[in-house]
Each structure stands twice: as structure tokens, then as C-alpha cells.
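Let's take a walk through a protein model together. Keep the structure open beside you and find each spot as it comes up.

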Amino acid sequence: MTGQTPAEMLARLTDAEKVSLTAGADAWTTRAVDRVGVPAVRVGDGPHGVRRPQEGSALSMFDSHPATCFPTASALGSSWDPALVREVGEALGKEAAGHGIGVLLGPGVNLKRTPVGGRNFEYFSEDPHLSSRIGAAWVGGVQSTGVGASLKHFAANNTEQRRYGIEAVVDERALRELYLASFEHIVVTERPATVMAAYNRLNGPHCTENAWLLNGVLRGEWGFEGVVVSDWGAAWDRTASVPAGNDLAMPGLGRRDDRYVQRALTSGRLPQAALDASVLRILELAARYGHAPDDGEVDLEAHHDLARRAAAAGTVLLKNDGVLPIAAGSRVAVIGAMGEEPRYQGAGSSHVVPTQVDTLLQALTEALGDSAVSYAPGYDRGHDRATPAQLAQARVTALAADVAVVVVGLPETFETEGVDREHLRLPASHDELVETVRAANPRTIVVLQNGSPVELPWAASVPAIVEGYLGGQASGSAMADVLLGAVEPGGRLAETFPVHYDDHPVAVLPNGPATIEYRESLYVGYRWFDSAGEAVAFPFGHGLSYTSFSWSEAAVTVGEGLDEVEVRLTVTNTGSRSGSEVVQVYVHDPESTLFRPEQELRAFEKVVLDPGESAEVVLRLDRRAFSAWDAAVHAWVLEPGEFQVRLGRSSRDIVRRATVQLGGAGELGAAGEPGGARDDREPPAHRDPLPYREPSRAIGFPATAFGALLGRTRPGNRAARQGRFTLDTSIRDMQEARVGRLLLRFATSRAIATLGAPAGAAADAVAGDVVSQFTFRMIPTVSGGIVGRRAARRLLGIVNLLARLDRSF
């Protein structure tokens, strides 16, 4: 930009130029206005690595410039280490700048409401406190380099099924205490350059057209001053989305759409003030990020080393009966094709072309020597298949080794953006391989490569299980470091591992076709399992160490205002190795007029100590940590009384408890600041339906109870009738009509060609599943703007006409 301020620039723009700035110039850049010196801003994916497509392949997810593939968010979240995540953010920012990218599209901080979420690998945790603190570190790291961040996907975007048109129906408390809280801390403390509005509808309107969400909460309550950008294709009509607070439609519906918006401006249907406010924010974004900072050469080797360190820090030792670390001089069998061809990143828009890839087989061979390491594939990497010959070879290889390392996990076709999983099982061939190797060699170590929880039916019979998640391009060497004891397995679970998927409350709740009801309300993840007393495979916060720690001198004190608490304790490494410990602080409210989960994470601290070393850990809980959102007064309320502060190594391993008495009657403002006085009338003893006061698997969360909690009529949840399809009807819900089946086949073939997906029956099937989620709102985007809004509506009319004719025969 020139020396003019954004406000001065705004005054020089014509209305046509203003309108043009509110939609992208193409898939990855904003509109420039050369006449007045407004530069374009280049944006780019993604959360765990920079993806800048090669020239001529704008929408390809596979043909991009090489960049460091860091561990995915599932692994970074399990590090419980904001300082380390900030380092990763800084490295991502430097690489983004090196590619000319001004705004990096991340991080994703949506909560893992259900373990089958197809995009869970891209999110940090099931808990909003942990997710927001790790997310804040990521944003702070990226933006310290002069590159902006794009916090996504706002809000309640927790399913991939029908994600473009589904309505998330969420009660006010769950929305405030969980799904918005995961964003709130980051917005308030780090001020991300942009916030990305999600595809889904939220309690009625699409998020891009939800004025309560964008203008009310995000800007009005949290003070966000940056640009709200739509997820790609989520903004259908700028005359509705701009006044609601969505400034920038990406990539836009083509330049012809500008004329439609200009006519709305002329007629007054689009208020001039709303357009000017959005354009001013876009100009401010362009002034700051229109020219990516140039810090010289990027040290890719140093970034690879950082990726290796981060992967080890997020590796969770789930179980160890003494077989780890592997003793020096051991003969090691690596069994499982993922040991040679790893799954190290997610599938979808976050796909990164790595600068290099370390495999576990390669890393162990380099560390131990060729003669000490043997290998057997055990199963077909691309399919759920293990032949008798492969299993026989695995058995022989395991018998000849001192230690067998079985590498299993979820292939790319099992979890991907665009499709939720149907279960938590590993491929049957992977389970069969584990059983085969365990029978041959009792010293069996199972290494997992997956982006989200899996069922482990053999967990009790193997001595060691290591969760590597999707650890990025250096995951192989990082895992070798952990297995050999060169480094500590530094991770703790940021999500609960159920024994079976059916144990999870969401498993039995309806998912579509029109709505997805968050009937479980606050009972997400450990909040459910701990409150209902349900057994889990591995609890939230769990992770073992190669050393041991003692906690002593624990003290919990209340501040002078009777609404703040300080926790102090001394952590000592009592073992013979360096290691890390994560102190987790949970709050339990034994008596409340509002239902509350058994306990909720409110603070944590990770400490790394040498043998014999001690460190004092100090954690502070403000009044928000003890408060609940009261839907009756639409505010945070701290009910005076007794609270229990719990110090634990996981949600199921509580080491210390302390009871505190808190006062401070009154409400908190929406962002946690003290608010006005509370109504003096005594509230009723219980204000919530029984299933929420006493959660149990037997009762579940009936629709009637959820309706009472919601406080309004639940919206209908029926599929559109054949021939009455709407802009929000997914293609998958058109399959009863012959034209719907033809549309799916055509769209799938075009998507495979456009996205550049690898060929193969499995990949084609996944592409079909992804495309089946499309709605007609997405057609302008997936067609590259060739089909605009008016043409998309006409095409929908034709499809409905053909569908009605199909029904008449």
C-alpha cells in the first residue's frame, strides 16, 4: 500500500471496487485494486504444514510446493506444551512467508465432540481449555513472524457428514462453555488476523450469515477487529453474509456475482455501512499482510529437527509392562507395512508435500545396524487385507527377534476430511497381525499411527502400546527415539479412548439428515465418562513415563477477593532418567443449581526435570474457572459456596484434593470480566432435566429432555422430499432419484480430476463419499465460478423437475 491509511483508501474506492474486495480474486488470493494501491493477500493451507499449490493446480491437494510436514494437531495437542507449539507456529510462519503467503489458514480449534469425526486429526482436543491454550500458542507463534493466522472453523463445526448444510442444534450452555470457549481465549489474547466462518448452520442460520455469532459474540463481546473469512464456498450470498459480519467470501462465486451485489447495494438491500465496515477491515488486512515478510532462507533441516522433537513430545506411552525402552543390543523385528510406508499426516485440505520423510524401519536400522533389524509387511498397506503368506512371514520374523514392534493404524481411506468414520475399529488385518505377532513373541510393542482414537481389543495381552498419532514427516525417527529411550515419550492424551464406540453418548444420537442435535450438552469426552462412571480404555490426560515423579508440598489458597485460587506444589523426578510430567488441575462443584460435569480441566503445566531435580509449579485459577454459563440470565455466574480443586496426572488419576470456599456473588461479563449484580431471588434447587443432573448410559439423552434444556422447539430433522430438494440438501440425500445418482457419479469424476487424488478403487470410494456431502450451495466453488448462483439455482430446479418425473413413473 501507499502511505495512505486504510480509512483514506476506503474514501477513494468506488462502490464497484468495494464490492469486488469482499470476494476472492481466485482460490488463494484476495482482490487487489491497483488504482489506489491495494495489494492482494495470498492465503494458504494449512495447520501442520504450508500447502502452496504448484502453478496451474490451484485446487489440487497433492500437487504443491514441498514444505515441512509437522505433526498434526492431534499430536501437538497431546504434547500439552504451549511453548513447543509456539515454536512450531514460528516455523510455519517463516515457511509461509517464504512461499509469499500472508495469512496461514489455521489452526483448527473445533472440539472433538465425537471420536469418529473425520477431521479430528486436525483438531487439538476434546477439552476447550487445553484446545484454546495450545491454539493460542500456535497463533502467537505464526503471527510473531509477521504472517497472519486464520482461526477456524467458527463455530460448532464438529461433523463432516452433510457438513455444508447441516444445522448444529446446541443448547446455550454447551455452546458457551465448550464450543465457543475453544475460540474465545485465542481471540481475546492473541487477536488472530482472521477468523474463518464454518459451513454449517448454527441454531438456524449458516455461520456465514449468523449475525448473532459474528457481530454479536465475536465482535461485540470478544472485541474481534480482524476479518471474518468464509470457509471455501460457505458464503452463498454476500447481501446476507456481509451484513451478518462475514467480510470476505472465499473463493467467491465469480466476478459476475459482483453485479448482483452492486444491485443490492443500489437498492438498499445491502446497507452501505455494512459494506464499508467489511471493506475497511479487508483494507487493514491488506495493509498488514499484503506483502509477506521476507526473512531470508528458511532452514528446512532445523525445521525437520523441530518436527522430530515435536512428534516425540506428542507421543503417548499408553501401556508399558517393562519392555520399553528397548534394551541395547536387542534384535528388533519391525512388522507392519506402516513401518516402511508410514501414515504421518491427515487427508484432505491439510495435505502437505513433505521435504523428506523418515520411516520407523529406516530410523531403527540406522540406529541399531542392518543385522539387528528385520522386517515383514504383515498386511497390504492400501487395503484391509493380510494374506496367509504375509501372516506366516510376520510370525517367523517375530520368533527370530528379541522384541517385535508391530506398526498398525488407520489408512488414509479410514479417516479424512469430508467423511466421518462409522466405527473406531482398526482394519481387521491390523488386529489380526497384532494377535499373530503377540502369539509368536510375548515381547510385543504395538505402535499406532492414527489421527483419532481406535478400539484396541488386544490391549490387555500386549506388554506395550505407543500412540504416535500422525506425527509428521519426522515421525519415524521420533518414534525410534522414543522406543530406544533416546528421548522421553512426552505426550498425554488430549482425548478419551473409549473401550468401544457404543460407550460414547454421541454414538446413539441422530446425525442428520437436516439437523444434528447436541443432546449430550456439556457431557463431551471425559466430562461424560467421568460423570457417568463409565469405564474407558485410556482416560483423558493419560500418559506414562520412563521415569517416576513425586508431588509434595501441595497448597491451594484462596485470594483476598474469595474468587481466585492459587495452586502450588513441588514436582520431583525420583527416577534415573530425564522426563516430563504434566500437572492437571480439575474443578469439581459438589452443589450447584445448574447441572455440571463431575470435573473440568481448568489449568495445566508441563515440567521437564532431570533425575533428582525438583521444580515448584504455580497455577492460578480465576473466577471464570469456577463459573458456569447461566442461560436464564445469559451470563457467566459464580455461585458462592464450596468447590473441590483436584490435582491429577489424568482425569482418572487424581493425586491431591483440596476444598475451597468461594464467594463473589454476581455475574461475569461475556468475556469473563465482572458483570452486574445477580437477581436476588433464590433459584429453584434443580433447574435442569434429570438426564443432565444424573447422567447415565441407561437413560441417555432423550429428545424430550433435550427440548426442555434447549428452551425452544426443536427444528425438524427430515430429509427433503424427492423433487423438493433445497440448496442445503446433500447429494447423498438425493440418491433415491435417478438424477441424483447420475449427479453423484459426474461430480465424483470431476472432483477426482480437480483435486488430483491418487488413482485406485479405495481413493475413488472416498472421493465419492466426500462429494456426496456437497450441496448446491457448493457448485459455484467446485466449478471454479463457471456455474454461478443463478445457474446453480436453475440446475437445482432441473434436478427437482427430473426427480419429480422420476417419481411419477
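## A helix and its cover

Start at helix α14, whose buried residues are covered by, among others, β9 (332–335), β10 (373–376), β11 (403–409) and α15 (428–440). Bear in mind as you look around that this is a predicted model.

Which residues of α14 are buried? They are Gln 390, Leu 391, Ala 394, Thr 397 and Ala 398. These buried residues cover an arc of only 125° around the axis, so they sit on the same side of α14. The other side of the helix has Pro 388, Ala 389, Val 396 and Leu 399, which are exposed. A general point helps here: with 3.6 residues a turn, an α-helix has residues three or four places apart pointing the same way.

You can also check the length of this helix. Helix α14 runs over residues 388–399, and at 1.5 Å a residue its 12 residues should span 16 Å. The C-alpha atoms at its ends are 17 Å apart, which agrees.

## Salt bridges

Now for the charged side chains. The count for this model comes to 48 salt bridges. Here are three of them to look up.

| Acidic residue | Basic residue | Closest N to O distance |
|---|---|---|
| Asp 257 | Arg 789 | 2.7 Å |
| Glu 600 | Arg 596 | 3.7 Å |
| Asp 806 | Arg 738 | 3.1 Å |

Take the pair Asp 257 and Arg 789, whose side chains meet in a salt bridge. Asp 257 belongs to helix α10 (residues 256–267) and Arg 789 to helix α23 (residues 789–808), so this pair ties together parts that are 532 residues apart in sequence. Are these two residues buried or exposed? Asp 257 is buried, and Arg 789 is buried too.

Helix α23 comes up again with the salt bridge between Asp 806 and Arg 738. Asp 806 lies in α23 and Arg 738 in helix α20 (residues 738–755), so here the pair ties together parts that are 68 residues apart in sequence. Asp 806 has 19% relative accessibility and counts as buried, since the cut-off for buried is under 20%.

Next, look at Glu 600 and its partner Arg 596. Glu 600 counts as buried at 4% relative accessibility. Arg 596 is buried as well, with a relative accessible area of 14%.

Some salt bridges share partners. In one such network, Arg 119, Glu 122, Lys 152, Glu 160, Arg 163 and Glu 417 are joined together.

## A nonpolar patch on the surface

What makes up the nonpolar surface patch of about 410 Å²? Leu 795, Ile 798, Leu 801, Leu 802 and Leu 805 do. One of them, Leu 805, is found in helix α23. At 40% relative accessibility, Leu 805 counts as partly exposed.

## Unusual backbone spots

Before you look at the next few residues, here's the background: most residues other than glycine have a negative phi, and most peptide bonds are trans.

Where do cis peptide bonds turn up? One runs from Lys 152 to His 153, with omega near -5°. His 153 is found in strand β3 (residues 148–154), while Lys 152 is also part of the salt-bridge network described above. Another cis bond goes from Leu 324 to Pro 325, again with omega near -5°. Pro 325 is in the loop between β8 (316–320) and β9.

Then there are the positive phi values. Ala 156 has a phi near 55°, a positive value in a residue other than glycine. Ala 156 is in the loop between β3 and β4 (167–169), and at 4% relative accessibility it counts as buried. Glu 553 also has a positive phi, of about 55°, although it is not a glycine. Glu 553 lies in strand β15 (residues 549–558) and is exposed, with a relative accessible area of 63%.

## One last stop

Finish at Phe 540, which you'll find in the loop between α17 (526–532) and β15. Is Phe 540 buried or exposed? Phe 540 is buried, with a relative accessible area of 0%. How far apart are Phe 540 and Leu 92 in space? From C-alpha to C-alpha they are 28 Å apart, with their positions 448 residues apart in sequence given as the separation.

Notes: Residues are numbered from 1 along each chain as its sequence is written. This is a predicted model: local features need pLDDT of at least 70, side-chain atom pairs count only at pLDDT 80 or more; totals for chains, interfaces and linings use all residues. Side-chain values use heavy atoms; hydrogens and water are left out. A salt bridge is a side-chain nitrogen of Lys or Arg within 4 Å of a carboxyl oxygen of Asp or Glu. Helices (H or I, at least four residues) and strands (E, at least two) are DSSP runs, numbered from the N terminus. Buried means under 20% relative accessible area, exposed over 50%, partly exposed in between (1.4 Å probe, protein chains only). The expected span of a helix is 1.5 Å times one less than its number of residues. The arc is that of the directions from the helix axis to the C-beta atoms. Contact means heavy atoms within 4.5 Å. Patches are made of residues with over 30% relative accessible area and no salt bridge: like charges are joined within 9 Å, nonpolar side chains (Val, Leu, Ile, Met, Phe, Trp, Tyr) within 5 Å. Accessible areas come from the Shrake-Rupley method with a 1.4 Å probe; for residues, only the protein chains shown count as cover.
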